[in-house]
Amino acid sequence: MLKWLDENLEEFLMVALLIAMTVIMGIQVFARYALGASLSWSEELTRYLFIWSGFISVSYCTKKCISIKIEQFVAMFPRKGKALFKVVNHTIELALFLYLIPYAVLYLKSAFESGQVSPACQIPMYYIQAAPLFSFVLVAFRIIQRWIIEFKIVIRKGEEKEEK
């Protein structure tokens, strides 16, 4: 179960959110055009699901090493150089997300304290505002995983040269 979660958590959540958004907007379109009545809650709920999807996608991209980067620059390095570059990159990314986590906690804390609810659905806003904290913690975890993988490549290559 843990292995499945490690490999598929982000994909599962994003697919579930996409299906939910599609179904909700499909119901909205049907209600508007077939029944002549618009639903007051559908667009709001879809927006909140989209926000969660966006934050979860950051973790997915981190896990898959899909990011905006200078591919041609990185491609010039040999395998050990690429791995070393990625270790440095992951270290900087990890520092950024570890820096952001306390601010996400404060953001969520303010949502709890305010007691604010969404206008149409009456959903407590802390459910929506928990997305950054959830995402940043998950991203930090995924960065640590990627960092360990790349660091092992750097160390392994160094050992191979010493043996020769």
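C121 is partly exposed in this predicted model. Its relative accessible area is 23%. C61 is also partly exposed, at 28% relative accessibility. The structure holds zero disulfides. For C61, the closest cysteine sulfur belongs to C65. The two sulfur atoms are 10 Å apart, so they lie too far from each other for a bond. A disulfide would need the pair to be within 2.5 Å.

Helix 1 covers residues 2–33 and has 32 residues. From its first C-alpha to its last, helix 1 reaches 45 Å. That span is close to the 46 Å expected at 1.5 Å a residue. Helix 1 nevertheless contains a kink of about 65°, centred on N8. The buried residues of helix 1 are L9, E10, M14, L17, M21, I24, Q28 and A31.

Nonpolar packing was examined next. In soluble globular proteins, nonpolar side chains tend to be buried together. Here the largest nonpolar core has eleven residues. Its members are L94, F97, I101, A104, L108, A130, L133, F136, V139, A140 and I143. Helix 4 (79–114) and helix 6 each supply at least two residues of this core. Another core, of six residues, lies apart from it and includes L17, M21, I24 and I56. L17, M21 and I24 are also among the buried residues of helix 1. Within the largest core, L94 illustrates the contacts made. Leaving aside neighbours within four places in sequence, L94 is in contact with A140, I143 and I144.

Charged side chains form a further set of links. Side chains of opposite charge can pair when their charged atoms come close. A search of the whole structure finds nine salt bridges. One of them joins E7 and K3, with an N to O distance of 3.6 Å. Both residues lie in helix 1. They are four residues apart, and therefore separated by about one helical turn. E7 is partly exposed, with a relative accessible area of 40%. K3 is exposed, at 59%.

A comparable arrangement occurs in helix 4. There, E113 and K109 are four residues apart, about one turn of the helix. Their side chains meet in a salt bridge at 3.9 Å, N to O. E113 counts as exposed, at 59% relative accessibility. K109 is partly exposed, with a relative accessible area of 45%.

Salt bridges that share partners also join D6, E10, E11, K63, K64 and R142 into one network. Within this group, the side chains of E10 and K63 meet at 3.3 Å, N to O. This pair links distant parts of the chain. E10 lies in helix 1, whereas K63 lies in helix 2 (residues 42–63). The two are 53 residues apart. E10 counts as buried, at 0% relative accessibility. K63 is buried too, with a relative accessible area of 12%.

R142 belongs to the same network. This arginine is found in helix 6 (residues 131–163). At 2% relative accessibility, R142 counts as buried because the cut-off is under 20%. Leaving aside neighbours within four places in sequence, R142 is in contact with L5, D6, L9, E10, S59, T62 and K63. Among these contacts, D6, E10 and K63 are fellow members of the network.

How values were computed:
Residues are numbered from 1 along each chain as its sequence is written. This is a predicted model: local features need pLDDT of at least 70, side-chain atom pairs count only at pLDDT 80 or more; totals for chains, interfaces and linings use all residues. Side-chain values use heavy atoms; hydrogens and water are left out. Buried means under 20% relative accessible area, exposed over 50%, partly exposed in between (1.4 Å probe, protein chains only). Contact means heavy atoms within 4.5 Å. A nonpolar core is a set of buried Ala, Val, Leu, Ile, Met, Phe, Trp, Tyr and Cys residues joined through side-chain atoms within 4.5 Å. The expected span of a helix is 1.5 Å times one less than its number of residues. The bend at a residue is the angle between axes fitted to the seven residues ending there and the seven starting there. A salt bridge is a side-chain nitrogen of Lys or Arg within 4 Å of a carboxyl oxygen of Asp or Glu.
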